[in-house]
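Work through the exercises below with the sequence and the model at hand. Each task is followed by a solution in steps.

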Amino acid sequence: MAKLSWSFIALLLFLSLSFTLDVSNCKPACDYRCSATSHRKPCLFFCNKCCNKCLCVPSGTYGHKEECPCYDKWKTKEGKPKCP
């Protein structure tokens, strides 16, 4: 069996830690993103779902989706935006 180098192990640890940090930032980002809507509960559900997949949330409470291409391009079966 081949030995894993310390630099490779460190890289894997860094990547797993950075993924964890990004996902943990979803809740505050989505809280702000959905703060201006009257449909807060579904907005938070879909925002968090999108954030967990895309690892980003556009700034502001509306628009700016070009800042996060994955968030912008994810669509429902009907072709409508999935992410708020």
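Helix axes here are lines fitted to C-alpha atoms over the stretch in contact, and the angle between two N-to-C directions runs from 0 to 180 degrees. The model is predicted.

**Exercise 1. Determine how many helices and strands the protein has, and in what pattern they follow along the sequence.**

Step 1. The protein contains 4 helices and 0 strands.

Step 2. Reading along the sequence gives the pattern α-α-α-α.

Step 3. Of the 84 residues in the protein, 20% are buried.

Step 4. Take the contacts between residues at least 6 apart in sequence: 42% of them join residues at least 24 apart.

**Exercise 2. Describe how α2 and α3 pack, and classify their orientation.**

Step 1. Helix α2 covers residues 26–33 and helix α3 covers residues 40–54. Their axes are 9 Å apart and the packing angle is about 140 degrees.

Step 2. Angles over 145 degrees count as roughly antiparallel and 65 to 115 as roughly perpendicular, while those under 35 are roughly parallel and the rest oblique. α2 and α3 are therefore oblique to each other.

Step 3. The crossing of α2 past α3 is right-handed.

Step 4. On the α2 side, the contact is made by Cys-26, Lys-27, Cys-30, Asp-31 and Arg-33. On the α3 side, these meet Arg-40, Leu-44, Cys-47, Asn-48, Cys-51 and Asn-52.

Step 5. Sorted by class, the contact of α2 with α3 has 5 nonpolar, 2 polar and 4 charged residues.

**Exercise 3. Find which disulfides tie α2 to α3, and give the handedness of each.**

Step 1. The whole structure holds 6 disulfides.

Step 2. One of them joins Cys-26 to Cys-51, with an S to S distance of 2.0 Å. The torsion about this S-S bond is about -85 degrees, so the disulfide is left-handed. Because Cys-26 lies in helix α2 and Cys-51 in helix α3, the pair ties together parts that are 25 residues apart in sequence.

Step 3. Another disulfide is formed by Cys-30 and Cys-47, whose sulfur atoms are 2.2 Å apart. The link of Cys-30 and Cys-47 is left-handed, with -85 degrees about the S-S bond. Cys-30 lies in helix α2 and Cys-47 in helix α3, so this pair ties together parts that are 17 residues apart in sequence.

Step 4. Now check burial, for which the cut-off is under 20% relative accessible area. Cys-26 counts as buried at 2%, and Cys-51 is buried with a relative accessible area of 2%. Cys-30 counts as buried at 0% relative accessibility, and Cys-47 counts as buried at 0%.

**Exercise 4. Locate the disulfide of Cys-54 and decide whether each of its cysteines is buried or exposed.**

Step 1. Cys-54 is joined to Cys-70, S to S 2.2 Å.

Step 2. The torsion about the S-S bond of Cys-54 and Cys-70 is about -65 degrees, so this disulfide is left-handed.

Step 3. Cys-54 is in helix α3, and Cys-70 is in helix α4, residues 69–73. The pair links distant parts of the chain, 16 residues apart.

Step 4. With a relative accessible area of 12%, Cys-54 is buried. Cys-70 has a relative accessible area of 30% and is partly exposed.

**Exercise 5. Write the disulfide pattern of the protein.**

Counting bonded cysteines along the chain, the disulfides follow the pattern 1-7, 2-5, 3-4, 6-12, 8-11, 9-10.

Conventions:
Residues numbered from 1 in each chain as written. Predicted model: local features only at pLDDT ≥ 70, side-chain atom pairs only at ≥ 80, totals over all residues. Heavy atoms only, no water. Helix = DSSP H or I, 4+ residues; strand = E, 2+ residues; numbered from the N terminus. Left-handed = near helix turned anticlockwise from the far one by under 90°. Contact = heavy atoms within 4.5 Å. Nonpolar A, V, L, I, M, F, W, Y, C, P; charged D, E, K, R; others polar. Disulfide = S-S within 2.5 Å. Buried < 20%, exposed > 50% of the residue type's maximum accessible area, 1.4 Å probe, protein only.
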